[in-house]
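Let's take a walk through a protein structure together, one stop at a time. Keep the 3D view open and turn it as you read.

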Amino acid sequence: MRPIRLPELPIGRRSAAEVFEAGIYGIIKRVVVIGNGFSGAENQCIGLVRALGLSGCHTLYRVTRPRGGINKWLHWLPVSLHKKLDYVMRQICIYSGVQVEAGWSKVVPFTIEKTGLSSVIEADAKQIAMMARDTFEKEGPLLVIASGRDTISVASSIKRLATENVFLVQIQHPRSRLNRFDLVITPQHDYYPLTPHGQRQIPWFLRRWITPGRPPDRHMVLTVGALHLADSAALRSAASVWHDELAPLARPLLVVNIGGPTSSCQYGADLAKQLIAMLQNVLWSCGSVRISFSRRTPEKVSKILLKEFSSNPKVYIWDGEGPNPHMGHLAWADAFVITADSVSMLSEASTTGS
């Protein structure tokens with residue numbers, strides 16, 4: 001992604017809304033990223049920050065949910081309601097003498113164990129809005145970039161509380177009330193339900209409720225894939241970092257990225273066996289194969305592939321320990337096999353030219 005150069009701010013005080021309506025006259029000096037703990041969503045925000053030439057100028061906040069116990073079944077609830085319900089349930093357990101499952105009371109990002117970002121600040125709309133208002137004269141407008149359903153409420157509250165001081169970008173379609181955002185960036189596949197084929201998959205009496213609506217001209221940007229971090233600078237850096245491990249491998253190098261189940265595709269043993277058969281058909285033509293799993297990959301699927309390929313000298317399977325080789329794989333791979341559940345992984349691989 002090529003950095004976007006922002007023109008200089010003309011003399012005179014302007015609100016955030018005026019600045020952006022007039023063609024982004026000012027250089028944005030600070031960015032707040034609102035994440036949800038999922039790397040795929042957060043990397044889209046950071047990718048946009050990098051494309052704007054604002055690397056190092058952003059602060060990451062997170063919207064987090066309770067986890068453990070029954071909470072794994074409550075992710076469909078709005079975050080605020082989920083937290084209140086979790087508090088009530090824990091109080092009931094305490095007063096009734098019922099032992100609470102270990103870890104149930106924690107409110108942490110889903111990926112905290114994987115990323116080690118335990119110090120990421122919980123997003124507080126009032127505090128962020130206050131900061132935007134109080135520092136506007138000195139620092140100028142605050143760019144807020146959020147991604148994922150759980151971030152919508154907090155991000156839109158920041159905009160409502162500091163309307164003249166914040167420019168709000170929401171990545172991924174919020175599904176309703178687009179006027180809460182200055183800009184919505186969403187991939188074209190969010191509009192699949194509007195296509196003739198997509199409409200045939202939806203019962204006629206539900207279509208008006210579950211389709212996203214046609215994008216307005218002013219507040220919407222459609223992308224072919226997903227925003228991501230794998231720009232040319234990131235790939236050059238990763239190529240250098242992973243040179244000693246990946247450069248000596250026999251070529252061509254095939255990288256296999258395996259994701260996890262979606263509402264339309266449940267990952268089971270049959271799918272794992274199908275993937276194994278496909279890989280066996282091309283294994284003869286590969287010098288090396290590197291396989292990695294998403295944290296969403298079901299254990300039964302990863303075990304089947306481990307059993308099949310762990311003894312093959314051509315194949316290396318990353319076990320989740322040590323540095324994640326994902327960016328190194330993007331930089332050094334000659335070809336990719338990627339499961340179609342992750343638009344982010346597909347978009348990243350598409351930009352490498354392999």
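A good place to begin is with charged side chains, and the count here comes to seven salt bridges. Keep in mind that you are looking at a predicted model. Side chains of opposite charge can pair when their charged atoms come close.

Try finding Arg 62 and Glu 42, which form one of these salt bridges, with their closest N and O atoms 2.5 Å apart. Arg 62 sits in strand 2 (residues 58-62) and Glu 42 in helix 2 (residues 39-51), so the pair links distant parts of the chain, 20 residues apart. Are these two residues buried or exposed? Arg 62 has a relative accessible area of 1%, so Arg 62 counts as buried. Glu 42 is buried as well, because its relative accessibility is 7%, and the cut-off for buried is under 20%.

Next, look for the salt bridge between Asp 182 and Lys 159, where the closest N and O atoms are 2.8 Å apart. Here too the pair links distant parts of the chain: Asp 182 is in the loop between strand 7 and strand 8 (183-187), while Lys 159 is in helix 7, 23 residues apart. Both of these residues are buried.

Another pair to visit is Asp 341 and Arg 296, whose side chains meet in a salt bridge at 2.6 Å, N to O. Asp 341 lies in the loop between strand 13 (335-338) and helix 15 (343-350), and Arg 296 in the loop between strand 11 and helix 13 (299-309), so this salt bridge ties together parts that are 45 residues apart in sequence. Asp 341 is buried, with a relative accessible area of 18%, whereas Arg 296 is partly exposed at 32%.

From Asp 341, move along to helix 15. Which of its residues are buried? They are Ser 344, Met 345, Ser 347, Glu 348 and Ala 349. These buried residues pack against helix 2, strand 10 (253-258), helix 14 (326-332) and strand 13. You have already met helix 2 as the home of Glu 42.

Now turn to the nonpolar side chains. The largest nonpolar core has 24 residues, and those touching the most other members are Val 32, Ile 34, Ile 128, Leu 142, Val 144, Ile 158 and Val 166. Two or more residues come from each of strand 1 (31-35), helix 5 (125-134), strand 6 (142-147), helix 7 (152-161) and strand 7 (166-171). Zoom in on Val 32: leaving aside neighbours within four places in sequence, Val 32 is in contact with Thr 59, Tyr 61, Ile 128, Met 131, Leu 142, Leu 143, Val 144 and Ile 145.

Strand 7 also holds Gln 170. With 0% relative accessibility, Gln 170 counts as buried. Beyond residues up to four places away in sequence, Gln 170 touches a list of residues that includes Ala 146, Ser 147, Ile 152, Phe 181 and Val 184.

For the last stop, where is there empty space inside? A search of the whole structure finds one cavity of 30 Å³ or more, and about 30 Å³ of space lies in it. Its lining is made of Leu 254, Leu 279, Val 282, Leu 283, Val 289, Ile 291, Phe 309 and Val 315. Helix 12 (269-283) and strand 11 (288-293) each give two or more of these residues, with helix 12 giving the most, at three. By class, the lining has eight nonpolar, no polar and no charged residues.

Methods:
Residues numbered from 1 in each chain as written. Predicted model: local features only at pLDDT ≥ 70, side-chain atom pairs only at ≥ 80, totals over all residues. Heavy atoms only, no water. Core = buried A, V, L, I, M, F, W, Y, C linked by side-chain atoms within 4.5 Å. Buried < 20%, exposed > 50% of the residue type's maximum accessible area, 1.4 Å probe, protein only. Helix = DSSP H or I, 4+ residues; strand = E, 2+ residues; numbered from the N terminus. Contact = heavy atoms within 4.5 Å. 1 Å grid on protein atoms, 1.4 Å probe; cavity = no way out; pocket = protein on both sides within 12 Å on 5 of 7 lines; lining within 4 Å. Points joined across faces, edges and corners; volume = space filled by probe spheres on them. Nonpolar A, V, L, I, M, F, W, Y, C, P; charged D, E, K, R; others polar. Salt bridge = Lys/Arg side-chain N within 4 Å of Asp/Glu carboxyl O.
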